[in-house]
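Visitor: I'm new to this structure and would like a close look at one part of it, the core. Please start there and then show me what sits around it.

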Amino acid sequence: TVGDHLGVIEFNTDASIVGSSNYLIQATTINKASMITSINNLSPGGTTNFYSAFEKAFDLIDESHSQEYTSNCHTAILFLTDGSMNTDIYSSSDVYNLINTRNNKYNATIFTYSLGSSASSVVPKEIACETNGVWASIPDGDDLSDYMSAYSRLFALGLGESSNEGFVAWVEPYSYETSGDYG
């Protein structure tokens with residue numbers, strides 16, 4: 001919703017932030033559409049450097065917090081890979097240590113998705129388990145969105161409890177189906 005912030009990291013041999021900012025952007029309709037366009041313009045290539053991906057993701061989160069471009073609420077990382085981790089420079093232990101060290105500040109929940117038959121599963125599954133996230137293996141040709149909805153369901157659990165009485169969620173204005181008026 002408009003109360004959330006988002007960012008995308010492209011990774012292969014190295015990692016980089018998608019878009020023009022070095023911090024998370026507010027999840028407005030316009031910003032989400034712009035990000036989708038940027039994602040659709042990405043090209044595959046290179047190796048699969050998990051370490052650089054997480055390093056850049058935590059750099060983005062660090063910068064966002066220092067600039068106050070955050071909701072100061074739950075932090076989640078959705079990690080998608082269609083390959084096996086490149087271990088030429090960094091081992092799986094290096095990746096686990098990086099996440100454990102950098103995640104101390106944020107307690108981010110990491111959701112991991114192994115896309116297709118050639119995708120790594122061991123490391124993404126372990127990362128999700130270590131951060132109370134969810135791992136999913138998506139078979140070739142399956143609908144990714146069916147699997148990715150797990151992160152919103154996990155965060156929604158408990159919202160109906162008495163501890164959340166009076167909970168307010170901000171959303172962008174929307175048109176009522178029956179009258180066309182805005183709410």
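Guide: One term before we go in: two residues are in contact when they have heavy atoms within 4.5 Å of each other. Keep in mind, too, that this is a predicted model. Among the contacts in the protein chain with a separation of 6 or more, 66% are between residues 24 or more positions apart. Buried residues make up 31% of the chain's 183 residues.

Here's the layout, so you can find your way. The protein chain has 6 helices and 7 strands. Starting at the N terminus, its elements follow the order β-β-β-β-α-α-β-α-β-α-β-α-α.

Now for the core itself. The largest nonpolar core holds 23 residues, and those with the most contacts inside it are Phe50, Phe54, Phe58, Ile77, Val95, Ile99 and Ile127. At least two of its residues come from each of β2 (8-11), α2 (50-66), β5 (76-81), α3 (92-102) and α4 (122-130). The biggest giver is α2, with 8 residues. Let's zoom in on Phe58. Leaving out residues up to four places away in sequence, Phe58 touches Ile77, Ile99, Arg102, Asn103 and Tyr106. Apart from the largest core lies another one, of 5 residues, including Tyr113, Ala136, Ile138 and Met148.

Next, pick out β2, one of the elements that supply at least two residues of the largest core. As a general point, side chains in a regular strand alternate between the two faces of the sheet. In β2, Ile9 and Phe11 are on the covered face, while Val8 and Glu10 are on the uncovered one. Its partner β3 (residues 15-18) pairs with β2 in the antiparallel sense, over 4 bridges. One of the residues on the uncovered face, Val8, has Val18 of β3 as its bridge partner. To get from β2 to β3, follow the hairpin of 3 residues that joins them.

Phe11 also leads us to Thr81, a residue that touches it. You'll find Thr81 in strand β5. Thr81 has a relative accessible area of 1%, so it counts as buried, since the cut-off for buried is under 20%. Not counting residues up to four places away in sequence, the residues touched by Thr81 are Phe11, Thr48, Phe50, Tyr113, Ser114, Leu115, Ala119, Ser120 and Pro124. Two names in that list should ring a bell. Phe50 is among the residues with the most contacts inside the largest core, and Tyr113 belongs to the 5-residue core.

How about gaps in the packing? Rolling a probe the size of a water molecule over the atoms shows where empty space is left. Searching the whole structure turns up 1 cavity of 30 Å³ or more, and the largest cavity has a volume of about 30 Å³. Its lining consists of Tyr96, Ile99, Asn100, Ile127, Glu130 and Thr131. Ile99 and Ile127 are both names you met among the residues with the most contacts inside the largest core. Both α3 and α4 supply at least two lining residues, and the largest share, 3 residues, comes from α3. Sorted by class, the lining has 3 nonpolar, 2 polar and 1 charged residues.

Finally, let's step out to the loops. Follow the chain into the loop between α2 and β5, where Glu68 and Tyr69 sit. At 33% relative accessibility, Tyr69 is partly exposed. Setting aside residues up to four places away in sequence, Tyr69 touches His5, Tyr23, Leu24 and Ser64. Tyr69 and Tyr23 are 46 residues apart in sequence, yet their C-alpha atoms are 6.7 Å apart in space.

Glu68 is exposed, with a relative accessible area of 68%. There's a backbone detail to spot here as well. Most residues other than glycine have a negative phi. Glu68, though not a glycine, has a positive phi of about 60 degrees. Asn107 offers another positive value in a residue other than glycine, with phi near 50 degrees. Look for Asn107 in the loop between α3 and β6 (109-115). With 62% relative accessibility, Asn107 counts as exposed.

Definitions and conventions: Residues numbered from 1 in each chain as written. Predicted model: local features only at pLDDT ≥ 70, side-chain atom pairs only at ≥ 80, totals over all residues. Heavy atoms only, no water. Core = buried A, V, L, I, M, F, W, Y, C linked by side-chain atoms within 4.5 Å. Buried < 20%, exposed > 50% of the residue type's maximum accessible area, 1.4 Å probe, protein only. 1 Å grid on protein atoms, 1.4 Å probe; cavity = no way out; pocket = protein on both sides within 12 Å on 5 of 7 lines; lining within 4 Å. Points joined across faces, edges and corners; volume = space filled by probe spheres on them. Nonpolar A, V, L, I, M, F, W, Y, C, P; charged D, E, K, R; others polar. Pairing = 2+ DSSP bridges.
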